[in-house]
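Pull up the model and keep the sequence beside it. We'll walk through it a piece at a time.

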Amino acid sequence: MFKKILFPVDLSPEMTNIVPIVNEVADKFDSEIHCVYSLNVTAYYTHIGMVPAYVRDFESGARERVEATLDKFKNDNFQGKNIKTEILMGRPGDQIVEYATSRQMDLIIMGHSSTGIERAIIGSVAGHVVKFSPVPVLVISPEILNS
């Protein structure tokens, strides 16, 4: 049923609280896990007048750091699992939906963390994904699982 699971992460420490659920679903359905991180540096810095070349250099450095952190996250949490990792470039919500669509994912399991004012100002990636996803989305509050 859920042969391909998309697990978008922000690599915050709370994301590890969702890993047991991803692993349990993957084990139950013998699923391939796609763990992705969306890097959106350009949108944050070009609109304030930063020179595009500097933004690209910063983005390159950020990408290297994300690759190392994502690799460690995978090794620490998904030993022996059929897992693929990828860094997506652009607006997280849009990139997650595009990835799910283009790679024919069967399920998205993701956390959410923004609340109150933060959500009102920056919006909710999880909310965007739920609204536009072509597949079922399981949204989990990482804080709830920590208790």
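Start with a charge and a ring: the charged end of Lys 28 sits over the ring of Phe 29, at 5.8 Å from the ring centre. Keep in mind as you look around that this is a predicted model.

Now turn to the aromatic rings. Four aromatic pairs turn up in the structure. One of them joins Phe 7 and Phe 73, with 6.3 Å from centre to centre and 40 degrees between the planes, which makes the pair tilted. Phe 7 sits in strand β1 (residues 4–8) and Phe 73 in helix α3 (residues 52–77), so this pair ties together parts that are 66 residues apart in sequence. Both Phe 7 and Phe 73 are buried.

Phe 7 has another ring partner, Phe 78. Here the ring centres are 6.2 Å apart and the planes stand at 70 degrees, so this pair is edge-to-face. The angle is what decides it, because planes over 60 degrees apart count as edge-to-face. With Phe 7 in strand β1 and Phe 78 in the loop between α3 and β3 (83–89), the pair ties together parts that are 71 residues apart in sequence. Put the ring pairs together and you get a cluster that links Phe 7, Phe 73 and Phe 78. How buried are Phe 7 and Phe 78? Phe 7 has a relative accessible area of 0%, and Phe 78 comes in at 3%, which counts as buried.

Next, step back and look at what surrounds those rings. The largest nonpolar core has 27 residues, and Phe 7, Val 9, Phe 73, Phe 78 and Ile 109 are the ones with the most contacts inside it. Which elements give two or more residues to this core? They are β1, α1 (19–29), β2 (32–39), α3, β3 and β4 (107–111). Helix α1 supplies the largest share, with five residues.

Phe 7 makes a good spot from which to look around. Leaving out residues up to four places away in sequence, Phe 7 touches Met 15, Ile 18, Val 19, Val 22, Ile 33, His 34, Cys 35, Val 36, Phe 73, Phe 78 and Ile 109. Apart from the largest core lies another one, of 13 residues, and Leu 6, Tyr 99, Val 129 and Val 135 are among them.

Val 135 also leads us to Thr 101. The C-alpha atoms of Thr 101 and Val 135 are separated by 8.2 Å, while the two residues are 34 apart along the chain. You'll find Thr 101 in helix α4 (residues 92–102), and at 44% relative accessibility Thr 101 counts as partly exposed.

Back to helix α1 for a moment, since Asn 23 lies there. Is Asn 23 buried or exposed? Asn 23 counts as buried, with 13% relative accessibility. If you skip residues up to four places away in sequence, Asn 23 touches Ile 33, Asn 77, Phe 78 and Lys 81. Phe 78, then, is a contact of Asn 23 as well as a ring partner of Phe 7.

That leaves the charged pairs. A search of the whole structure finds seven salt bridges, and we'll visit a few. In one of them, the side chains of Lys 84 and Glu 32 meet at 3.8 Å, N to O. Lys 84 is in strand β3 and Glu 32 in strand β2, so the bridge links distant parts of the chain, 52 residues apart. Lys 84 is partly exposed at 43% relative accessibility, whereas Glu 32 is buried, with a relative accessible area of 17%. Glu 32 ends up on the buried side because buried means under 20% relative accessible area.

Strand β3 also holds Glu 86, which is bridged to Arg 103 in the loop between α4 and β4, so that pair ties together parts that are 17 residues apart in sequence. The closest N and O atoms of Arg 103 and Glu 86 are 3.4 Å apart. Arg 103, at 31% relative accessibility, counts as partly exposed, and so does Glu 86, at 28%.

Finish in helix α3, where Arg 63 forms a salt bridge with Glu 67. Their closest N and O atoms are 3.5 Å apart. Arg 63 and Glu 67 are separated by about one helical turn, because they are four residues apart in helix α3. Arg 63 is partly exposed at 30% relative accessibility, and Glu 67 is partly exposed at 41%.

Notes. Residues are numbered from 1 along each chain as its sequence is written. This is a predicted model: local features need pLDDT of at least 70, side-chain atom pairs count only at pLDDT 80 or more; totals for chains, interfaces and linings use all residues. Side-chain values use heavy atoms; hydrogens and water are left out. Rings of Phe, Tyr and Trp (its six-membered ring) pair if their centres lie within 6.5 Å; planes under 30 degrees apart count as stacked, over 60 as edge-to-face and the rest as tilted. Buried means under 20% relative accessible area, exposed over 50%, partly exposed in between (1.4 Å probe, protein chains only). A charge sits over a ring if NZ of Lys or CZ of Arg is within 6 Å of the ring centre and within 35 degrees of the ring normal. A nonpolar core is a set of buried Ala, Val, Leu, Ile, Met, Phe, Trp, Tyr and Cys residues joined through side-chain atoms within 4.5 Å. Contact means heavy atoms within 4.5 Å. A salt bridge is a side-chain nitrogen of Lys or Arg within 4 Å of a carboxyl oxygen of Asp or Glu.
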